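Student: I would like to go through the ligand site and the cysteines of a model. Can we take them one by one?

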Amino acid sequence: MNDVTLSSAERAEKLEGMGCKRKRVEDIRFVQGKGNFVDDLKLPGMLYGDFTRSPHGHARVKNIDTTKAAALPGVVAVITAETLKTVNLAWMPTLAGDVQMVLADGKVLYQNQEVAFVIAEDRYTAADAADLVEVEYEALPVNVDPLKAMTEGAPIVREDVKDKTDGAHGKRKHPNHIFSWAAGDKAATDAAFEKADVTIKAMIVYPRVHPCPLETCQCVASFDKIKGELTLWGTFQAPHVIRTVGSLISKIPEHKIHVIAPDIGGGFGNKVGAYPGYICAIVASIVTGRPVKWVEDRIENLSTTAFARDFYMDTEIACTKDGKVTGLRCYTIADHGAFDACANATKWPAGLFSIITGSYDFPAAHVLVDGVYTNKAPGGVAYRCSFRVTEAAYCIERAMDIMAQRLGMDPAEFRIKNLIRREQFPYTSAMGWQYDSGDYHVAMQKAMESVGYKKLREEQKAKREAFKRGETRELMGVGVAFFTEIVGAGPSRACDILGIAMFDSAEIRIHPTGTGICRLGTKSQGQGHETTYAQIIATELGLPADNIAVEEGNTDTAPYGLGTYGSRSTPVSGAATAMACRKIKAKAQMIAAYMLEVHDDDLEWDVDRFRVKGAPERFKTMTELAWAAYHEVPPGMEPGLEAINYYDPPNFTFPFGAYICVVDVDVDTGVTKVRRFYALDDCGTRINPMIIEGQIHGGLTEAYGIAMGQEIHYDDEGNVTTASFMDYFLPTAVETPHWETDWTTTPSPHHPIGAKGVGESPNVGGVPCFSNAINDAFAFLGSTHIQMPHDHWRTWTAAEKLGLHG
Ligand code: CDP
């Protein structure tokens with residue numbers, strides 16, 4: 001790096017800093033099967049836990065007999081709610097201000113709910129013994145329909161709160177009602193509708209889906225009775241929150257709890273909250289004095305840990321006859337299942353759903369959300385999205401298409417007419433959000449040109465004529481989606497979880513030889529943080545990315561942070577990393593000035609060094625300064641070169657994108673082929689274009705899964721009928737379409753390096769784009785809205801309803 005023959009640009013390239021398609025450093029261990037996941041952990045004397053679960057969707061628990069299970073050789077203990085009551089842990093608080101049963105206490109409220117926890121010498125014995133726990137149930141009427149939850153005579157799900165008139169978020173209006181939450185200006189919106197030339201109204205449903213990470217939720221709890229200390233390894237997206245909440249629940253002092261999240265095989269929101277499995281493993285370790293491992297199987301994961309979405313959005317748009325939107329109104333019923341265990345910032349029980357005006361300049365808008373209890377598993381997490389952004393984006397993007405159809409306008413043209421214009425940024429939406437930056441028209445234009453939009457519509461027109469003449473049984477659909485996200489929670493004035501302000505952190509130590517370590521409060525689950533945080537440091541400090549180790553997930557060593565979900569790592573911890581670097585750089589500059597015998601102000605930064613202004617041959621590289629920091633600091637200065645930053649962002653960041661999808665639908669079989677999918681994303685400054693592309697590919701694949709087949713479905717008796725990959729669609733390489741990716745770059749003005757999050761974007765924009773494409777295929781036949789998921793059978797049914805099968 002000290003090579004004076006290299007130009008600044010050449011030296012910059014060698015650092016592999018921001019903008020470089022640096023290969024993922026974590027893949028060296030992952031592709032060799034050398035990752036270190038929770039289930040790889042084997043501790044001496046370790047026991048295994050497994051659950052007895054409810055076969056009923058709703059039932060009174062009359063009796064639990066554990067005698068036979070306890071008698072099975074190899075079984076060490078069986079825990080029920082009665083056991084947990086002795087340590088006051090039969091119920092636990094949720095992240096949403098509700099309480100949740102750890103093990104069934106008097107009733108079961110959904111199928112597969114945890115009833116007893118069996119601890120045995122090995123996993124097989126634990127599973128066998130779990131089947132031997134004898135439970136006497138009295139079946140109760142079940143409700144799995146959120147639209148019926150607040151009707152008279154609906155089965156009361158939560159007897160423990162049925163008489164409470166107030167919940168965590170205000171007044172309740174029915175025993176199954178959790179909260180009402182509103183945003184926007186109702187009077188102004190109603191007035192806009194009264195004046196409107198054209199209005200549309202549609203019930204837009206985002207079904208219950210599940211993040212289903214490849215690695216299920218799991219933990220190992222090890223309680224040291226001598227020290228009174230608990231070590232908990234787990235698949236935690238937010239290790240510090242688990243430590244704090246764990247301390248509050250268990251009363252173990254927080255400094256005596258060590259939470260470690262090793263490598264994680266996908267999280268997607270599923271691993272943010274706390275589950276009964278964690279509590280039971282901890283209690284089991286305390287009771288037995290031995291480490292206890294709990295690992296979910298796939299059915300348990302799909303049917304009991306945090307679901308996503310389940311929003312029923314009754315949506316209206318008001319518009320002038322020439323296509324200018326004037327108002328948006330949405331009444332939503334949110335199905336939260338049996339406990340309100342949603343992962344949202346405390347103030348927003350419906351998350352960031354009020355981003356519902358999307359990318360469009362709506363003068364007035366109003367949303368009202370009612371959360372309800374049903375006999376379904378709890379959760380309500382942000383599955384690859386920022387709280388409830390995905391629901392909002394799906395809703396507005398479908399509604400915009402429905403309005404375009406009503407007006408007889410092209411959906412892209414209708415969007416262009418209403419997109420927020422560049423000169424309006426920073427833009428304050430009708431809901432009060434301040435969008436930081438954007439150049440929507442340029443993005444839309446680039447997307448349309450790249451796919452040859454005009455030609456596609458001409459082709460579609462010809463195909464529709466041919467279909468009408470009976471020459472083809474295939475329909476062509478062109479889906480357009482333009483989405484705006486809101487990621488990077490959050491400004492602490494607005495966002496907290498259980499009172500813990502949502503900031504994040506980075507601590508950087510530069511060693512004497514110019515290498516270093518960066519520890520953060522976030523936690524990668526596959527996003528490549530070890531690669532990309534090092535790139536920020538490389539650019540900021542002029543040290544090669546390869547010389548920086550990145551460590552997350554150990555609460556003993558990492559500074560306090562709120563974890564990784566909702567694309568918050570880059571907007572918050574990425575910023576913290578840059579700010580910590582700047583503190584280090586400021587100190588290095590003083591050391592350089594001392595060594596070069598000039599004033600600080602006489603120095604300028606050049607890629608990896610401070611050089612004297614006007615005398616570039618006089619310089620000190622960052623590597624030299626690191627060495628000097630440990631033996632040649634100016635008099636009075638502390639030795640060492642390290643810094644910590646807790647970053648509380650001034651605002652969210654607002655990434656956006658323009659997606660276009662082309663499908664061909666066979667009306668006789670419902671089989672849908674995705675001919676093209678083009679995704680243009682703008683996430684501000686791009687740290688690693690290759691990783692961004694990987695994020696987009698992954699998110700689009702999940703979006704494809706959701707739009708084209710995923711649904712956690714319950715029958716009327718409360719049986720979950722989609723609890724395995726036989727029934728729950730997880731796209732493999734065989735089904736996954738080819739993705740075309742593109743970008744524009746509009747930096748965030750308030751982020752130190754101008755970066756916005758990206759991980760969630762493809763899911764947020766992808767789902768409505770697929771759905772719009774399918775709907776567009778049928779639109780000319782008078783169809784206005786076909787609900788997701790668009791699996792072959794449902795698409796065939798849509799064709800049948802339109803009378804296309806003769
Ligand atoms: O919080 P999470 O890591 O899920 O989401 P993110 O902040 O969007 O980052 C996902 C990955 O994309 C990380 O490895 C980021 O460093 C990378 N990224 C990037 O290279 N450039 C951006 N502008 C945003 C994210």
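Student: Which residues come nearest to the ligand?
Tutor: This is a predicted model, where local features need pLDDT of at least 70, side-chain atom pairs count only at pLDDT 80 or more, and totals for chains, interfaces and linings use all residues. Residues are numbered from 1 along each chain as its sequence is written, and side-chain values use heavy atoms, with hydrogens and water left out. A residue is near the ligand if one of its heavy atoms lies within 4 Å of it. Of the 23 residues around the ligand, those that come nearest are Gln 527, His 529, Ser 569, Thr 570 and Val 758.

Student: How far from an oxygen atom of the ligand is a backbone N or O atom of Val 758?
Tutor: A polar contact is a pair of N or O atoms within 3.5 Å; within protein, one must be able to donate a hydrogen and the other to accept it, and residues adjacent in sequence count only if both atoms are side-chain atoms. For a backbone N or O atom of Gly 759, the distance to a ligand oxygen atom is 2.8 Å. For Val 758, it is 2.6 Å.

Student: How many disulfides does the structure hold?
Tutor: A disulfide is a pair of cysteine sulfur atoms within 2.5 Å. The sulfur of Cys 518 is too far for a bond, because the closest cysteine sulfur, in Cys 581, is 7.2 Å away. The structure's count of disulfides is zero.

Student: Is Cys 518 buried or exposed?
Tutor: Buried means under 20% relative accessible area, exposed over 50%, partly exposed in between (1.4 Å probe, protein chains only). The relative accessible area of Cys 518 is 0%, so Cys 518 is buried.
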